[in-house]
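Grab a coffee and work through these exercises with the model open beside you. Each one has a task, then a solution in steps.

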Amino acid sequence: MVDAHRTFVIVGGGLAGAKAAQTLRSEGFSGRVILIGDERDHPYERPPLSKGYLTGKDDRDSVFVHRTAWYAGAEIELHLGQSVTALNREARTVETGDGTVIHYDKLLLATGAEPRRLDVPGTDLAGVHHLRRLAHADRLRNVLAALGRDNGHLVIAGAGWIGLEVAAAARGYGAEVTVVEPEATPLLRVVGPEVGQIFTELHSDHGVRFHFGGRLTEIVGQDGMVLAVRTDDGEEHPAHDVLAAIGAAPRTALAEAAGLEIAPREEGGGIAVDASLRTSDPHIYAAGDVASAAHPLLGTRLRVEHWANALNGGPAAARAMLGQDVAYDRVPYFFSDQYDLGLEYSGWAPPGAYDQVVIRGDAGKRRFIAFWLKDRTVLAGMNVNVWDVTEHVQKLIRAGRPVDPDALADPSVPLESLV
């Protein structure tokens with residue numbers, strides 16, 4: 001039986017919000033739990049949208065966090081297809097788009113991020129796509145299948161993780177793919193030029209064409225349909241569809257309007273939270289893509305836009321809301337699948353933070369572990385087609401001690417012996 005005297009509200013119907021709701025119940029919270037999401041679909045996980053579901057390997061039902069009946073069984077009150085339009089901190093209320101006002105004792109903002117838009121002529125054409133929501137993936141899956149059947153061309157603006165995963169999916173359907181990227185390699189700001197070149201070769205081997213050093217400046221169309229794209233260096237590429245994969249921006253408008261502290265751009269620009277994921281208002285917390293958290297282990301504030309952060313951040317925020325002592329210090333982690341290449345990345349090594357890249361294994365055969373070091377200390381590690389090593393990689397990062405780069409590069413030296 002729910003105790004109506006206490007109400008915890010979760011704004012955001014993604015993985016972070018759903019796992020927070022689950023944790024509140026598993027930790028014994030007996031009050032009302034209200035989850036508000038602006039999509040009509042039940043909470044789902046985003047990785048399949050650019051991986052298994054998009055490629056056609058997984059069915060649609062596989063993306064959902066819980067079965068539909070779970071929410072009623074756990075007495076979670078769902079308000080789906082509703083945006084929160086106002087947050088009144090003094091009254092401790094939120095208002096939804098249909099005018100419903102809901103009181104909260106504690107509030108979790110898990111509003112996520114939204115895709116950045118191309119600011120060029122032609123973005124209103126029918127063949128211009130983004131990939132962030134399940135509805136986007138539904139549409140794009142059909143588009144890729146059609147391009148494959150008709151020998152059509154997909155142009156992707158941006159060679160980040162989403163851009164590369166969609167490129168791999170598109171080639172799997174048989175579509176022609178061109179990726180326009182202003183940097184010299186894919187993923188330059190994540191893995192640097194040494195490892196970025198490996199992804200250039202991977203996709204080139206599978207028939208993807210790269211246009212490096214140029215920015216998309218115009219999408220050319222006729223009768224509402226895409227015909228080509230132009231870049232700032234005067235090149236033109238044929239296209240039937242275009243995917244904008246130029247990153248995502250945290251959805252902070254609600255928090256900003258309510259006067260919550262927002263982190264500066266260099267710290268990710270999300271809602272500023274402490275190590276317990278509490279905002280500048282002691283009754284409000286934030287988790288997932290929208291939160292810029294003070295990280296106890298890394299000694300900096302950062303915003304992480306990956307699945308594991310939502311998976312673990314939502315429960316951490318829920319425990320903090322219940323008054324538990326929480327210090328959210330998980331090592332950032334994500335994974336990617338592209339063709340026959342699978343990888344896991346742990347750590348935080350932004351541009352300029354490291355001074356050495358160490359490769360353990362055979363990068364030419366795409367079976368290796370890359371480590372990013374600063375003063376011989378491991379900041380991050382990425383295992384590519386090498387499995388069951390994430391725990392050891394993360395222990396090296398957590399240890400924060402210098403290691404011998406030669407031993408790190410030697411596959412005969414057990415990783416666990418270096419911690």
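Two strands count as paired if DSSP finds at least two bridges between them. Helices (H or I, at least four residues) and strands (E, at least two) are DSSP runs, numbered from the N terminus. This is a predicted model, where local features need pLDDT of at least 70, side-chain atom pairs count only at pLDDT 80 or more, and totals for chains, interfaces and linings use all residues. Residues are numbered from 1 along each chain as its sequence is written, and side-chain values use heavy atoms, with hydrogens and water left out.

**Exercise 1. Work out what surrounds strand S26 (residues 377-384).**

Step 1: start with the hairpin. S25 and S26 form one, with 2 residues between them. In that turn, Asp375 has a positive phi of about 55°.

Step 2: look at the partners. Strand S25 (residues 367-374) pairs with S26 in the antiparallel sense over 7 bridges, and Phe368 sits opposite Val384 of S26. Strand S23 (residues 341-347) also pairs antiparallel with S26, over 5 bridges. There, Leu343 is the residue opposite Val384.

Step 3: zoom out to the sheet. It is open and has 5 strands in the order S22-S23-S26-S25-S24, with antiparallel pairing. Its edges are S22 (333-338) and S24 (356-362), each pairing on one side only. On average, neighbouring strands are turned by 15° against each other, direction ignored; such angles run from 0 to 180 degrees between N-to-C directions, with axes as lines fitted to C-alpha atoms, for helices over the stretch in contact.

Step 4: check the cover. In S26, 7 of the 8 residues are buried (under 20% relative accessible area; exposed is over 50%, partly exposed in between; 1.4 Å probe, protein chains only).

**Exercise 2. Find the edge strands of the sheet with parallel pairing.**

Step 1: write down the order, which is S9-S16-S10-S11-S12 in an open sheet of 5 strands.

Step 2: read off the ends. S9 (128-129) and S12 (209-212) have a single partner strand each, so one side of each lacks a neighbour in the sheet.

Step 3: take one inner pair. S10 (residues 153-157) and S16 (residues 241-244) run parallel and are joined by 4 bridges, with Ile156 partnered by Leu243 in S16.

**Exercise 3. Describe how helices H6 and H7 pack.**

Step 1: pick your descriptors. Two packed helices are described by the angle between their axes and the distance between the axes.

Step 2: fill them in. H6 (residues 161-173) and H7 (residues 188-205) pack at about 10°, with axes 12 Å apart. H6 and H7 are therefore roughly parallel (under 35 degrees; over 145 is roughly antiparallel, 65 to 115 roughly perpendicular, the rest oblique).

Step 3: name the residues. Trp161, Leu164, Ala167 and Ala168 of H6 meet Val190, Val191, Phe199 and His203 of H7. Contact means heavy atoms within 4.5 Å.

**Exercise 4. Is Asn309 buried or exposed, and what does it contact?**

Step 1: locate Asn309, which lies in helix H9 (residues 307-321).

Step 2: judge its cover. Asn309 counts as buried because its relative accessibility is 12%.

Step 3: list the contacts. Leaving aside neighbours within four places in sequence, Asn309 touches Gly288, Asp289, Val304, Gly314 and Tyr328. A polar atom of the Asn309 side chain lies 3.4 Å from the backbone oxygen of Gly288.

Step 4: contrast with Gly28, which is exposed at a relative accessible area of 55%. Gly28 sits in the loop between helix H1 (15-26) and strand S2 (31-37).

How values were computed: Polar contact = N/O pair within 3.5 Å; in protein donor to acceptor, adjacent residues only side chain to side chain.
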